[in-house]
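The exercises below are meant to be worked with the sequence and the 3D structure side by side. Try each task before reading the solution that follows it.

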Amino acid sequence: MSSLRYRVLGPVDVRDGEDPVHLPAGRRRAVLARLLIARGRPVGPDALIDAAWPEGLPRDPHGALHSVLSRLRSTLGEESITTVTGGYALNAEPGSVDADRFEQLREEARSAAPSEAADMLRTALALWRGPAYADLADHDAAVGEASRLDRLRRDTMEDRAAALIACAEHSQAVEEIEAMLREDPFRERAVELLMTALYGSGRAADALACFRAHRDRLAAELGLDPAPSLIGLQDRILGHEMTVPAPDGAEPTTPTWVDTSTSFVGRERELAELSRLLRRSRLITVTGMGGVGKTRLVAEALPELSRRHGPVIVVELATAAPGQVASRVSRVLGANGGSSSLVEDVVEFLSIARLLLVLDNCEHLLAEVAALAEAVGRRCPQVHLLATSRHRLGVTAEHVLLLEPFDEHDPDPAVQLFVDRLAQVRPEVRPEAAVVRRLCGRLDGLPLAIELAASRAAGLGVEEVEALLADGSLLPGLEAVVDWSVGLLTPSQRRLLALVSVVAGPLDREAVEALVARAGPSAGVPDVAADLAELVEAHLLVPRNLDAGAPEYGMTAIVRARSESLLDTSGAGPAARASHARWVADLLWCGARQWVEGGTVIAGRRLRARVQDVTAALRWALAAGRLDEAADVAVAYALHLHWVTDETLSDLVIAVGEACAEHPAAPRAPAEAAGALACAVRGLSEPAQRLGRCALEREPTVHGRVLAGAAMAISAMYAGRLEDAARWSRTVIEDPEVVAGHRADLRVTLSLAAGYAGDRPTARTAADLALLGAQAAGAEAAYAFALYADGELLATTAPAQAAARFRDAARRADRIAAPQIRQVSRLALFGVLVRQCQDEEALALATPLLEDLRRSGAWPQMWTMMRLLAELLMARGSPAEAALLLGAADVAEGAPPLIAADLERGVDHQLQTELGEDVLRGIGRVAAGLSRTQVVDRAAGLLLEQRGRRPRPR
């Protein structure tokens, strides 16, 4: 079996080595295709029967299926198809399916250098022999998978052209993208790439002619305008402001986050050089040894740089672990796209932005930052990227500004820095200039070392600090400064510093004391308050939020790294991180109870403050193989129903669920259910169902049953299986051990499923009971959710009352920090306003709602909004734009299916009448070629345009 290769990128066939395996057309081929689509996952017998007999069932379907499987096994080998829980699975060796190899090459190309990416993508495209599953065009499952793969093929052709442009192979890119546009002339990214490649080839006039031809064709054939990004590209070409790689490798032609209130001396030349470099290049890395002042230099430069290069976005990477760069950038940008690649979400977001992106403290994440910088450089022409790192990134377009310690031949800046910092604490002290010069010399002119020395001199005296340095026992550089500062601490202070380095989020006194308590006597910290104060005095912890009444503390990157090193070399690292995970779990379990028992606001506030720690605890527990601790944290987090955060944390919860499914144990079943729920709310129905069933098979605790039941119900509803959604909701509602707050939540899900299915009596009863139950329990999130469901039931019969319910639900959701409820409530309100011709209020609501959905990556809701916005555009006389948004929603992965009420409104029929079938098909091709970010960008532009038009008559 290991030599079998399966090919689906063309007609389905099987190869044994290089020899074809005879596979008759018909049922065996159809069943194999259905198993190949699942790629090793179980396929139920009913699905295989539907594949084998699409036009009519045999007398004994299951017996007939067994016969087909038996003949298929005799062809492929007895072990080729196994019977598993839930059906049958194909045993295909990794890499034996050409579609898998194609997608693997695409993924590898994302992080490769442009030349390597171009070769990988060429290899990927060479795997295609024709349309995917070409001989099974009449089989529904194959048609859906073939369409998905074909969209990836077209994306791959564009990605290869982009890589060729990055390699300055403009002529080759022109040739390939022109061939693609002959096949599909409405692919707007392809047009953008062709314009860029033509410009890079010195054919600016042809690039502008390409734009005009595309604009005229869109208008004449489809009634559309070009995308905003294309219009912006035309403007840059007209102004000769384009930046493209030159064939000879020549250079491209083309808010502070730290305290800047203290004096900044001796860096005037570097400030000017940084400004000059950013005028020449879009990628600058400020390098230098730790503590030399890289971050402070950039912070000082930002006011001027922002005036020239647009808004400034700062992403601090000091506490980021490997694998977190894209998630940190995505979180700050709000680019949570919900795709399989956070890097792709970030690049899509930045491709239409004009801003200066600052990545601070990159030295421990060079490969990831370099890959992101390459992608941004290739695909985001209006973004400047400024990084700080102890090492250069090593990418082609990078310019490096080396920041060195103060010059030993000009000691004045170092002396001035020391005197200024000392005067902040002890203004009455007037140290001798000669002593200060010697002290600064021993510190190699390193700014952070000088600042720390001034801090210590405020307590010990300048001469005493200079004497401590005189024996030469300290190594030069920032590590020596930190070691020296740590060396002045008492043993208990050093232990406390090491212990608190595991805290990833806000570090306040409560957190410190809780962590020490969980570490027990082995922590060796008898006086937490006094030791904490000394760490602050030593500048090893930096006070923040002093005006908030409960100060928090931060650590510089080097202090954190040194502290973690002390922790690990002492052998106390695993115990400290386990204590941290227990502390996080305890906080979450307390919050999970409050969330449904009258303390929702408090629980939400606590969870918002500890997202970084939840992430760190899950990441450590997974890496250390501590699945029980990981499960404890994941389940407690998931029980905060409707609390949705960034995709990084969601991915970790899913990873915990998958790991627990691979290493099953009854206590871990609730974590499988938590992973299932995380999948469900992101519209990932298949893994949600799989993990949910795995959890339920292990007879989980009541918490596991709640999470699994919710996951099964939500994923079924998103997939359009409304009866299943209602059935799974009832399993939770009827469980006597489920608390009232969770029962109310699932009554809402039941109400929604029944309402969408047209069973209004059941929906009304469920919504009323949900309102009563949530109110009695004090479960504010469930109550707000029930108000939303009540509004859904009133939307068609009493729209004014429905709007009031939606507004009330959204206000409550805002107060308790339940963003999921806020989004669905305002989305439903938008729908009511559109259908009641209240365009002014609808348009005012739409833009912030669109941004909210985009930032949180709520793509199922986003596609619903596109459909509602299409209704609005249709009613306001813009049918082509309406068809474009509707077409994008129709082909989007994870978009909820249309329900009866959607079909009754007949927008599709109106568009067919208004535009005709041929125009609709053309607009559909344009929509299919747009990325999610491009769709949202178009929608935002259309909303802005609509706000300037007259309202339609009511």
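Tyr 133 sits in the loop between H5 and H6, and the model in which it is examined here is a predicted one.

**Exercise 1. Two residues with positive phi**

Task: Determine for Tyr 133 and for Glu 699 what the value of phi is, and decide whether each is buried or exposed.

Solution. Step 1: start with the backbone of Tyr 133, whose phi is positive, at about 50 degrees, although this residue is not a glycine. Step 2: set this against the general expectation, which is that most residues other than glycine have a negative phi. Step 3: turn to the surroundings of Tyr 133, where the relative accessible area is 2%, and since buried means under 20%, Tyr 133 is buried.

Step 4: repeat the procedure for Glu 699, which is placed in the loop between helix H31 (685–697) and helix H32 (702–718). Phi of Glu 699 is near 50 degrees, again a positive value in a residue other than glycine. Step 5: the relative accessible area of Glu 699 is 69%, and because exposed means over 50%, Glu 699 is exposed.

**Exercise 2. The largest cavity**

Task: Describe the volume of the largest cavity, how many residues line it, which helices supply at least two residues of the lining, and how the lining divides into nonpolar, polar and charged residues.

Solution. Step 1: the volume of the largest cavity comes to about 200 Å³. Step 2: its lining consists of 15 residues, and those that lie nearest the centre are Ala 109, Arg 110, Asp 159, Arg 378 and Arg 379. Step 3: at least two lining residues come from each of helix H4 (98–110), helix H5 (114–126), helix H6 (140–166), helix H14 (342–350) and helix H15 (366–379). Step 4: when the lining is sorted by residue class, eight residues are nonpolar and seven are charged, while no polar residue takes part.

**Exercise 3. Salt bridges between H6 and H7, and elsewhere**

Task: Find how many salt bridges the whole structure holds, and work out which helices are tied together by the pair Glu 183 and Arg 154 and by the pair Arg 160 and Glu 176.

Solution. Step 1: a search of the whole structure gives 62 salt bridges. Step 2: one of them joins the side chains of Glu 183 and Arg 154, with 3.4 Å from N to O. Because Glu 183 belongs to helix H7 (residues 170–183) and Arg 154 to helix H6, this pair ties together parts that are 29 residues apart in sequence. Step 3: Glu 183 is partly exposed at 42% relative accessible area, whereas Arg 154 counts as buried at 16%.

Step 4: the side chains of Arg 160 and Glu 176 also meet in a salt bridge, at 2.8 Å from N to O. Here Arg 160 lies in helix H6 and Glu 176 in helix H7, so the pair ties together parts that are 16 residues apart in sequence. With a relative accessibility of 6%, Arg 160 counts as buried.

Step 5: consider next the salt bridge between the side chains of Arg 269 and Glu 270, at 3.1 Å from N to O. Arg 269 counts as exposed, with 58% relative accessibility, while Glu 270, at 7%, is buried. Step 6: finally, salt bridges that share partners connect Arg 106, Asp 155, Glu 158, Asp 159, Arg 187 and Arg 189 into one network. Asp 159 was met before, among the residues nearest the centre of the largest cavity.

**Exercise 4. Separation along the chain and in space**

Task: Establish what separates the C-alpha atoms of Ala 575 and Arg 518, those of Gly 17 and Gly 44, and those of Ala 659 and Phe 806.

Solution. Step 1: Ala 575 belongs to helix H25 (residues 573–596) and counts as partly exposed, at 48% relative accessibility. Its C-alpha atom is separated by 9.8 Å from that of Arg 518, although the two residues are 57 residues apart along the chain.

Step 2: Gly 17 is in the loop between strand E2 (13–16) and strand E3 (19–21), where it counts as partly exposed at 28% relative accessibility. For Gly 17 and Gly 44, which are 27 residues apart along the chain, the C-alpha separation is 30 Å.

Step 3: Ala 659 lies in helix H29 (residues 647–662) and counts as buried, at 15% relative accessibility. The C-alpha atoms of Ala 659 and Phe 806 are separated by 39 Å, with their positions 147 residues apart along the chain.

Technical notes: Residues numbered from 1 in each chain as written. Predicted model: local features only at pLDDT ≥ 70, side-chain atom pairs only at ≥ 80, totals over all residues. Heavy atoms only, no water. 1 Å grid on protein atoms, 1.4 Å probe; cavity = no way out; pocket = protein on both sides within 12 Å on 5 of 7 lines; lining within 4 Å. Points joined across faces, edges and corners; volume = space filled by probe spheres on them. Helix = DSSP H or I, 4+ residues; strand = E, 2+ residues; numbered from the N terminus. Nonpolar A, V, L, I, M, F, W, Y, C, P; charged D, E, K, R; others polar. Buried < 20%, exposed > 50% of the residue type's maximum accessible area, 1.4 Å probe, protein only. Salt bridge = Lys/Arg side-chain N within 4 Å of Asp/Glu carboxyl O.
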